[in-house]
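Please open the model in a viewer and keep the selection panel at hand. The stops below are meant to be followed in order.

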Amino acid sequence: MRHLLNTLFVLTEDSYLTLEGENVVVLCESEVRARFPLHTLQAILYFGYKGASPALMGACASRGVTLSFLTSFGKFLAQACGKMQGNVLLRKQQYRLSDSEHDSCQIARHFIIGKVYNCRWILERATRDHAMRVDVARLKKNSLQMAEILSQLAPCSDLDTLRGLEGKAANFYFDVFDELILQNKEHFYFQNRSRRPPRDNVNALLSFAYTLLANDCAAALESVGLDSYVGFLHRDRPGRASLTLDLMEEFRGVYADRFVISLINNREILPKQFEQKENGAVWLNDEGRKAVLSAWQARKKATITHPFLNEKLPWGLVPYVQALLLSRYLRGDLDAYPPFFWK
Amino acid sequence: MLVLITYDVNTQDAAGRKRLRQVAKQCVNYGQRVQNSVFECIVDAAQCKIVQHELEAIINKEKDSLRFYYLGNNYHTKVEHIGVKTSYDAEGVLIV
């Protein structure tokens, strides 16, 4: 099994990244702020505007380090890609399956089953762990309805019905999402999902977590040689990494949402770490972003047992393992794509 | 695992000073410089052999010496730092 390596976050806005030998060097006004050997890194996330030297981009591409550029608010801009990884036969098979609505649905269905199952478990877990503090009846009711959707998903064979069922399940889930927040209720509340821009603290956190997750998923897909832009559930649209969004579905709940909730409930993130803009948008400030990123890294190192492989591995490798399983299915080594079922 | 690499290169002549620069340059590729001729490197067993081999090719065994200390995976309790020039935790959160 592959090793989970470290991620370097560059938050200093006027820093410039260069290559020196085998090191990535962070320069601030031509002064060396820090240097890190590339072989200890898996990804570099750069939240600045000056950029990186072409030599570093080349080195990252050839060593499999994903170098991503984001705006200082965490919006994804670009990624430095080197030569395509993996083999062309796998990608062609991916395109072929993606062209056929029937075959796409076979895979898409499993992403959605994974998502609904995992989201349902989040609700069930909350009723078990915090029975005294949450509205158990309401959570149980919605969870039951999600279970019903789950049974309708299994025989589903066209994408539109699938999307409909997914939307229904998401409604039931987000309907009680606010119940899961137990601390600082006056600052952290959830009414509905708002994005572009997020309009409250919880939505700002969710959006940021989804960006980080998308970045990890895209890197995982590219590293096993799949094309992250050709999806099955999400159809092709220029500039949209559809397969990344597909793969993310099963992780949104267990990985990103639970991460956000535990940040709030453990008081790792505080109301003063947010900023409100004139247009009503809410963003994390520097301090908030640092808190979220450190917690994200810590979460990635926590170990779980993978339900399908029955093997202990760090959370951070789960998207990679799922990408690998997906490529096995596309190649025909597996009869179906096994989604990640969280318990 | 964490490997501590230390070296002593004889710098009495120009060739020695050249070797010193080369050894330092090679070490910095693999780890962080914690003191003047002391490097802490996070490497796996294979990478460790590679760096050993590369360094061995540079030094003059008559005049210089190299030492490798293997501190394993649970090295956090084995290292204590006092004084200036603090280092970073290569497996911790890296935020610049």
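Begin at the interface of domain 1 of chain A and domain 2 of chain A, where the search for salt bridges across the boundary returns zero. The model is a predicted one. Two residue pairs in polar contact do cross this interface, both at pLDDT 80 or more. To display the two partners, select residues 6–80 of chain A for domain 1 and residues 88–331 of chain A for domain 2, as the domain assignment gives them. Their C-alpha centres lie 27 Å apart. Domain 1 of chain A contributes 14 residues to the contact, and domain 2 of chain A contributes twelve residues.

How much area is buried between domain 1 of chain A and domain 2 of chain A? The value is about 1200 Å², and carbon and sulfur atoms give 61% of that area. Now show Phe9(A), Leu11(A) and Phe73(A) as sticks: within domain 1 of chain A, these residues lose the most area to domain 2 of chain A, and together they account for 42% of what that side buries. For the backbone context, colour strand 1 (6–10), strand 6 (66–70) and strand 7 (76–80) of chain A, the elements that give two or more residues to the side of domain 1 that touches domain 2.

**The nonpolar cores**

Next, select Leu153(A), Leu162(A), Leu205(A), Ile269(A) and Val292(A), the residues with the most contacts inside the largest nonpolar core, which has 90 residues. Domain 1 (6–80) and domain 2 (88–331) of chain A both supply residues to this core, so it lies between them. Centre the view on Val292(A) and display its surroundings. Beyond its neighbours within four places in sequence, Val292(A) is in contact with Leu205(A), Phe208(A), Leu212(A), Phe259(A), Leu263(A), Ile269(A) and Leu284(A). Another core, of 21 residues, lies apart from the largest one; to find this second core, select Leu8(A), Leu38(A), Leu56(A) and Leu94(B), which are among its members.

**Chain B**

Isolate chain B, which has 96 residues, 41% of them counted as buried. Its two helices and five strands follow one another from the N terminus as β-α-β-β-α-β-β. Along the principal axes, the C-alpha atoms of chain B fill a box of roughly 40 × 30 × 25 Å. Of the contacts in chain B with a separation of 6 or more, 64% are between residues 24 or more positions apart.

Bring chain A back into view and select Asn29(B), located in helix 1 (residues 14–30) of chain B. Is Asn29(B) buried or exposed? Its relative accessible area is 12%, so Asn29(B) counts as buried. Apart from neighbours within four places in sequence, Asn29(B) is in contact with Glu20(A), Gly21(A), Glu22(A), Asn23(A), Pro37(A) and His39(A).

**Salt bridges**

Over all chains, the structure contains 16 salt bridges. Remain at Glu20(A), which forms one with Arg35(A), the closest N and O atoms being 3.2 Å apart. Glu20(A) belongs to strand 2 (residues 15–20) of chain A and Arg35(A) to strand 4 (residues 31–37) of chain A, so this pair ties together parts 15 residues apart in sequence. Glu20(A) is partly exposed, with a relative accessible area of 41%, and Arg35(A) is also partly exposed, at 25%.

Move to Glu249(A) and Lys115(A), whose closest N and O atoms are 2.9 Å apart in a salt bridge. Here helix 7 (residues 242–265) of chain A, which holds Glu249(A), is tied to helix 3 (residues 101–129) of chain A, which holds Lys115(A); the linked parts are 134 residues apart in sequence. Both Glu249(A) and Lys115(A) are buried.

Return to chain B and select Lys63(B) and Asp13(B), whose side chains meet in a salt bridge at 3.6 Å, N to O. Lys63(B) sits in the loop between helix 2 (45–58) and strand 4 (65–72) of chain B, and Asp13(B) in the loop between strand 1 (2–8) and helix 1 of chain B, so the pair ties together parts 50 residues apart in sequence. Lys63(B) is partly exposed at 44% relative accessibility, as is Asp13(B) at 31%.

For the last stop, select Lys115(A), Glu166(A), Glu249(A) and Arg252(A), which are joined into one network by salt bridges that share partners.

Conventions: Residues are numbered from 1 along each chain as its sequence is written. Chains are lettered from A and ligands numbered from 1 in the order in which they are written. This is a predicted model: local features need pLDDT of at least 70, side-chain atom pairs count only at pLDDT 80 or more; totals for chains, interfaces and linings use all residues. Side-chain values use heavy atoms; hydrogens and water are left out. A nonpolar core is a set of buried Ala, Val, Leu, Ile, Met, Phe, Trp, Tyr and Cys residues joined through side-chain atoms within 4.5 Å. Buried means under 20% relative accessible area, exposed over 50%, partly exposed in between (1.4 Å probe, protein chains only). Domain bounds come from an automatic or database domain assignment. Contact means heavy atoms within 4.5 Å. Buried area is the accessible area (1.4 Å probe) that two parts lose on being put together, summed over both. A salt bridge is a side-chain nitrogen of Lys or Arg within 4 Å of a carboxyl oxygen of Asp or Glu. A polar contact is a pair of N or O atoms within 3.5 Å; within protein, one must be able to donate a hydrogen and the other to accept it, and residues adjacent in sequence count only if both atoms are side-chain atoms. Helices (H or I, at least four residues) and strands (E, at least two) are DSSP runs, numbered from the N terminus.
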